Amino acid sequence: GFRGLPDGVMGISPGLPDFWREEMPEIEVARTGVCPLPVESPSVQARPTRGAGAPLVLGYAGRIERAQKRLDLLPGLLDALDGLGVDYRFELAGTGAFQPWLQQRLGPRVRFHGRLANEDYWRALSDWDGAVYFSENEGGPIALLEGMAVGAIPFYPRNGGSWADAHAPRVDPLCHYPPGNMTALASAVQQVFSRTPAAVAALRMAARSLVKIHDRDVYRAFCS
């Protein structure tokens, strides 16, 4: 509906230029631009990497919904982790209409934090070894980038177009798993965290380094 009207376009997701070229080919490349999606700086420090043999803490932050977020896949992931003998706990930070279904299905296997803010939010994310997402499409997601900022290793489906699609495989190719495949995701989690504490710490540092491009000061400088 906007074709022929804009003189230029700017966005905050890396997959947008491909969309623009397809949908609005009349706009010159020089009149398009992508700024890195900005995220808040953590108010807490990343905790030290857990030692070998400690239970994993995996988490998800965001809207607790089936549509787009695909949290209906979470029970399958937990079943697959159980089948592999992975020692873990799973936490969710956020609220949404799909929460009652998950609570009924999962019971005490999952901790629901509800809506968190400020330091409570950052403390929860900083305790996660991995941030796990199931989304069908995203631009960020912002919460995954925030988790990376405090050292959570991202696990994200290979959808294409988002910052998660750009960053997850750079942390480790295993972190960019086939969409909807909970067996592959569980195996990736097991393999990544079966490494030595030093190797896991290096992945956590890689996650933190990658997300520095999303610092608000960088965003302001990039887009000024």
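Tutor: Two strands pair if DSSP finds at least two bridges between them. Keep that rule at hand, since the model above, a predicted one, contains a sheet.

Student: Which strands pair in the parallel sense over two bridges?

Tutor: Strand S3, residues 56-61, and strand S6, residues 130-132, do so. With two bridges, this pair meets the rule.

Student: What is the bridge partner of Gly-59 in S6?

Tutor: The partner of Gly-59 is Ala-131.

Student: What is the order of the strands in the open sheet?

Tutor: Read across the sheet, not along the chain. The order is S5-S4-S3-S6-S7-S8, six strands with parallel pairing. An edge strand pairs on one side only, and here the edges are S5 (110-114) and S8 (176-177).

Student: Which helix packs on the sheet, touching S7 and S8?

Tutor: Helix H6, residues 163-171, touches both of these strands. The direction of H6 makes about 125° with that of S7, which covers residues 153-157.

Student: How many helices and strands does the protein have?

Tutor: The secondary structure comes to nine helices and eight strands.

Student: How do I judge the overall size?

Tutor: Compare the radius of gyration with the value for a compact globule. For 224 residues that value is near 17 Å, and the protein has 18 Å, so the two agree. The C-alpha trace spans about 55 × 35 × 30 Å along its principal axes.

Student: How do I read the backbone angles?

Tutor: Start from the usual case: most residues other than glycine have a negative phi, and most peptide bonds are trans. Then look for exceptions. Gln-68 has a phi near 65°, which is positive, and lies in the loop between S3 and helix H2 (74-84). The peptide bond between Gly-140 and Pro-141 is cis, with omega about -15°. Pro-141 is in the loop between S6 and helix H5 (142-149).

Student: How much space lies in the largest pocket, and which residues are closest to its centre?

Tutor: The largest pocket holds about 310 Å³ of space. It is lined by 18 residues, and the closest to the centre are Gly-53, Ala-54, Leu-56, Phe-193 and Ser-194. Two elements give two or more residues to the lining: helix H7 (182-193) and helix H8 (197-210). H7 gives the most, three residues.

Student: How do the lining residues divide by type?

Tutor: Nine are nonpolar, five polar and four charged.

Technical notes
Residues numbered from 1 in each chain as written. Predicted model: local features only at pLDDT ≥ 70, side-chain atom pairs only at ≥ 80, totals over all residues. Heavy atoms only, no water. 1 Å grid on protein atoms, 1.4 Å probe; cavity = no way out; pocket = protein on both sides within 12 Å on 5 of 7 lines; lining within 4 Å. Points joined across faces, edges and corners; volume = space filled by probe spheres on them. Helix = DSSP H or I, 4+ residues; strand = E, 2+ residues; numbered from the N terminus. Nonpolar A, V, L, I, M, F, W, Y, C, P; charged D, E, K, R; others polar. Contact = heavy atoms within 4.5 Å. Axes fitted to C-alpha atoms, helices over the stretch in contact; angles between N-to-C directions. Rg over C-alpha atoms; globule rule 2.2 N^0.38 Å.
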